[in-house]
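Work through these exercises with the structure open beside you. Try each task before you read its solution.

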Amino acid sequence: MPKALIFMLKLCLAVGGGHFSPLVRSRAAIVLSRALKARGGTHVCSVASTTVGTPAEGKSRSALDEIDKDGRFVRTPSLFRDKISSEPGARFPPAKGRYHLYISYGCPWANRCLAALNLKGLRDVVGLSVVHPTWQSTSAEDEHKGWVFRSPNDPAVSSPSGMGSFDCKGCVPDTVEQAASIRELYEKAASALKEKGLGDGNPGKKFSVPVLWDKEEGVIVNNESEEILRMFNSGTFDCYFTKAIG
């Protein structure tokens, strides 16, 4: 598939509601996912990491598992939906160095959060980690494949599909929790919330990016790209504005 067409499909997915219908976006997700997989196993915005094969009950899910029989993308709601707010008494107030953003360059939804971070000049305010663009094993106890962290000088990583290997250029490891995978962050967040009496310790079935992390509480603030984007653009962090990139 031509690179220009792949770019247009990514754009279709990234711009969000109001520009393309849900049906068009779901079709783009299917086509782009297949195209990228054929080119080396890099998946379209992994809404979730996945196990090999069709997920059974209780297993993790992928974007392709959330497409109904008519081709519509029926997305499972994101699990973490808190927000950073300047309101008095807010649980997550704006603060320089307190929050960290986890993304994949292979995910257009995560990339729009990075674009907002850059355009608002917040790269010195909110930290950033970037996973490797392929899914890899996240646990020795099951067959789950998901986003993992690598350092830029690490050896190239083979695709689990067996279609080539990919270097680690552009990867930024997790300097906050030293997690090996995005899955591990979800598990840590769920455990921390349980200790606070705010959950049952279940991290859910989806280990997606982007993730907006709170270093102070050791939890995920939000994992819904549209809401993270709006937080960055809301003016909440404007007092920390430095210089926009672009």
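**Exercise 1. Place helix α3 against the strands, and check its span.**

Keep in mind that this is a predicted model.

Step 1. Find α3 at residues 108-119. The helix lies across β1 (99-103) and β2. Its direction is about 140 degrees to β1.

Step 2. Work out the expected span. The rule is 1.5 Å times one less than the number of residues. For the 12 residues of α3 this should give 16 Å.

Step 3. Compare with the model. The end C-alpha atoms of α3 are 16 Å apart, which agrees.

Step 4. Look just past the helix. G121 follows α3, and its phi is positive, near 65 degrees.

**Exercise 2. Decide whether α3 is enclosed or open to the outside.**

Step 1. Take the cut-off: buried means under 20% relative accessible area.

Step 2. List the residues of α3 that pass. They are P108, W109, A110, R112, C113, L114, A116, L117 and N118.

Step 3. Conclude. Nine of the 12 residues are buried, so α3 is largely enclosed by the rest of the structure. For the protein chain of 246 residues, 47% count as buried.

**Exercise 3. Describe how α3 packs on α5.**

Step 1. Recall what is needed. Two packed helices are described by the angle between their axes and the distance between the axes.

Step 2. Read off both values. Helix α5 covers residues 225-233. It packs with α3 at an angle of about 5 degrees, and the axes are 9 Å apart.

Step 3. Classify the angle. Angles under 35 degrees count as roughly parallel. Therefore α3 and α5 are roughly parallel to each other.

Step 4. Name the contact residues. From α3 come W109, R112, C113, A116 and L117. From α5 come S225, E226, I228, L229 and F232.

Step 5. Sort them. Seven are nonpolar, one is polar and two are charged.

**Exercise 4. Put the strands of the open sheet in order, and say how they pair.**

Step 1. Write the order of the four strands: β2-β1-β7-β8.

Step 2. Mark the edges. These are β2 (127-130) and β8 (219-222), each pairing on one side only. On average, neighbouring strands of this sheet are turned by 35 degrees against each other, direction ignored.

Step 3. Take β2 and β1. They run parallel and are joined by four bridges. L101 has L128 in β2 as its bridge partner.

Step 4. Take β1 and β7. Their pairing is antiparallel, over four bridges. Here Y102 is bridged to V211 in β7.

Step 5. Take β7 (residues 211-214) and β8. They pair in the antiparallel sense over three bridges. W213 stands opposite I220 in β8.

Step 6. Conclude. The pairing in this sheet is mixed.

**Exercise 5. Trace the side chains of β1.**

Step 1. Recall the pattern. In a regular strand the side chains alternate between the two faces of the sheet.

Step 2. Assign the residues. Y99, L101 and I103 point one way from β1. H100 and Y102 point the other way.

Step 3. Check the cover. Five of the five residues of β1 are buried.

**Exercise 6. Find the turn between β7 and β8.**

Step 1. Name the motif. β7 and β8 form a hairpin.

Step 2. Count the residues between the two strands: there are four.

Step 3. Pick out the glycine. G218 lies in the turn, with a positive phi of about 70 degrees.

Note on methods:
Residues numbered from 1 in each chain as written. Predicted model: local features only at pLDDT ≥ 70, side-chain atom pairs only at ≥ 80, totals over all residues. Heavy atoms only, no water. Pairing = 2+ DSSP bridges. Axes fitted to C-alpha atoms, helices over the stretch in contact; angles between N-to-C directions. Contact = heavy atoms within 4.5 Å. Buried < 20%, exposed > 50% of the residue type's maximum accessible area, 1.4 Å probe, protein only. Parallel < 35°, antiparallel > 145°, perpendicular 65-115°, else oblique. Nonpolar A, V, L, I, M, F, W, Y, C, P; charged D, E, K, R; others polar.
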